[in-house]
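Work through these short exercises with the model open beside you. Try each task before you read its solution.

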Amino acid sequence: MEDDDSASDKLSKIACGEPLTAAEEIARGGRELAAERLAREYLGSPSIKMARELYESPAAKLARDYANSPAQQLAKQVALGLGPAFGAAEIARMETMRKMLEPSAALAAKLNAIEPLAIDHARLASIGAIMPSIDPKVIAAIQGLEPLKIGPSLASAVSQAQRAVEEAMRPLRDIGSMIKEFEEQQRTVRKSLLASLAGPFGDIAKTSQWASTLGRIDTPDITKVLGAGLGTVVDDMRDAIAKTFIGSAALDQTKMSAMLGLTARFEANFAATHLKMSALAGISEAFDRRSHFQLDAYQSLFGEWRTRVDLPENFWRDGRVRKRMYREAEVDEGLIVAEPGMALEIMIESGLTAGLRSEANAVAVVTLGEISMTVRSRGTSKDAYALVGQFEQELRAYVERKLEERFGPDWFKLRASNLIGKAKEIRKAAMGRGEAFASLVHFTELGELSGIIQSTKNWDEVFGDVFVEKTEFDHDMQKLIAVRRPTMHMRRIDGVRLVEVICVVQRLSEQMTGDGAWKLAAESDR
């Protein structure tokens, strides 16, 4: 039997790629250690080579830089059905390998250094952190600060984004036989990619998706589904896309979709829904939000429907009643019949929201200011309620900041005096239960926040420039307030209301982020 030092020397040579002596080769041919063979196959595998390359890549460096961001919670909350599943046998096998691969500390350190990409929106505000050469004007347009122009610079942005994600996802290819330790790194990189969708990369991915969908639809189909007026506008966008995404740019666009798992071809009864969502996504970026084309695109999907708090009780209890009312309002038929998970997948595929899909799940990423939330196809109701709850917190903080900046620390007394008594009673009860002191606005509900914003003086002096159209804002808030009804938490959300909620939250969040910038642009001398 070989002694320990001899075996260790051979393992060291194998690990370093050094040739063995003739005697060692003979001994090896006659009686190879199982651990030695495992070590050689492991260290020489394409997966480990990819891991070494990944460690030195700009994407991995970015991941390490962002690893300690306060927003790392998003990467942690994602549940793609890929959680650890180590049994005693696997743990024992890993420990044996770890000992036999000495010295392997350096490689382990490198693998462990590839941490989830945390979402620090302040640092991600400049896309240059990920793709340095992208035109800032294109980024501004993609992020909704100005209408998007479909041209060569957009194709360049998509191509560069594709290359960045390809770099980050490289170790996820050809890893079917990888050991558990490296599977952990696979999960980490996947979560990092999902986290990055909360930043500007997600905006580019959305744009790529709707452009891809519109680019492959024939003109007669567009006019048939969207009507003559809206169809003409979308067809013009389609022509611009066809001229922009050609050659390598088209290939990069396809690769990006594939790496995000977004390659679905939906059944015929969902094809029109897919097109309508992509049209809404594209028009929302290519046209000013006050354009009637945005309303036309929204109505092509939802008709005259809007969820509100005064709907009859049987609407909430009976799915048949809901479908009848949706059809009467001319909601898209595919959206009516789609299960919530399917509706979410179509949203992601169409570019109406950022996200990705694995074999087990589809996950949308919705950004609310400095916070991002995930909505999973396997947990739509719970995640949708959590999304609305988080939006309520963001809206409350926004209202407090805007009114305090304008009217000082006593703004609640000056601008929401009708709510003082109720808010004080709620705060008193909360503090009696041991909760910490907080300002009165923290003891208001979503409907009361809506009332503060829409009060005549507050709207005219503060919020009108942000949310623009008061009736539309009221309708949007009613849709969210209806979801926040106490009884709703016991009921499953359907596809129509899921898509409606995500659209409303994204629209209002974008308006809050813009903070009335559209008016400054409109009044500029340029």
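The exercises below use a predicted model.

**Exercise 1.** Find how far helix α13 reaches, and set that against the expected span.

*Solution.* Start with the residues: α13 covers 200-215, which is 16 residues. Next, take the expected span, which is 1.5 Å times one less than the number of residues. For α13 that gives 22 Å. Now go from the first C-alpha to the last: the helix reaches 22 Å, close to the expected value.

**Exercise 2.** Decide whether α13 is largely enclosed or open.

*Solution.* Use the cut-off: buried means under 20% relative accessible area. In α13, 15 of the 16 residues are buried, so the helix is largely enclosed by the rest of the structure.

**Exercise 3.** Describe how strands β2 and β3 are joined.

*Solution.* Locate β2 at residues 362-368 and β3 at residues 371-376. The two strands run antiparallel, and 6 bridges join them. Then look at the hairpin: 2 residues lie between the strands. There, G369 takes a positive phi near 65°. Last, check the cover on β3: 5 of its 6 residues are buried.

**Exercise 4.** Place T367 in its surroundings.

*Solution.* First, T367 sits in strand β2. Its bridge partner in β3 is S372. The side chains of T367 and S372 also make a polar contact, at 3.3 Å. Next, judge exposure. Partly exposed lies between under 20% and over 50%. T367 has 30% relative accessibility, so T367 counts as partly exposed. Finally, compare sequence with space: T367 and G202 are 165 residues apart in sequence, and their C-alpha atoms are 9.6 Å apart.

Conventions:
Residues numbered from 1 in each chain as written. Predicted model: local features only at pLDDT ≥ 70, side-chain atom pairs only at ≥ 80, totals over all residues. Heavy atoms only, no water. Helix = DSSP H or I, 4+ residues; strand = E, 2+ residues; numbered from the N terminus. Buried < 20%, exposed > 50% of the residue type's maximum accessible area, 1.4 Å probe, protein only. Pairing = 2+ DSSP bridges. Polar contact = N/O pair within 3.5 Å; in protein donor to acceptor, adjacent residues only side chain to side chain.
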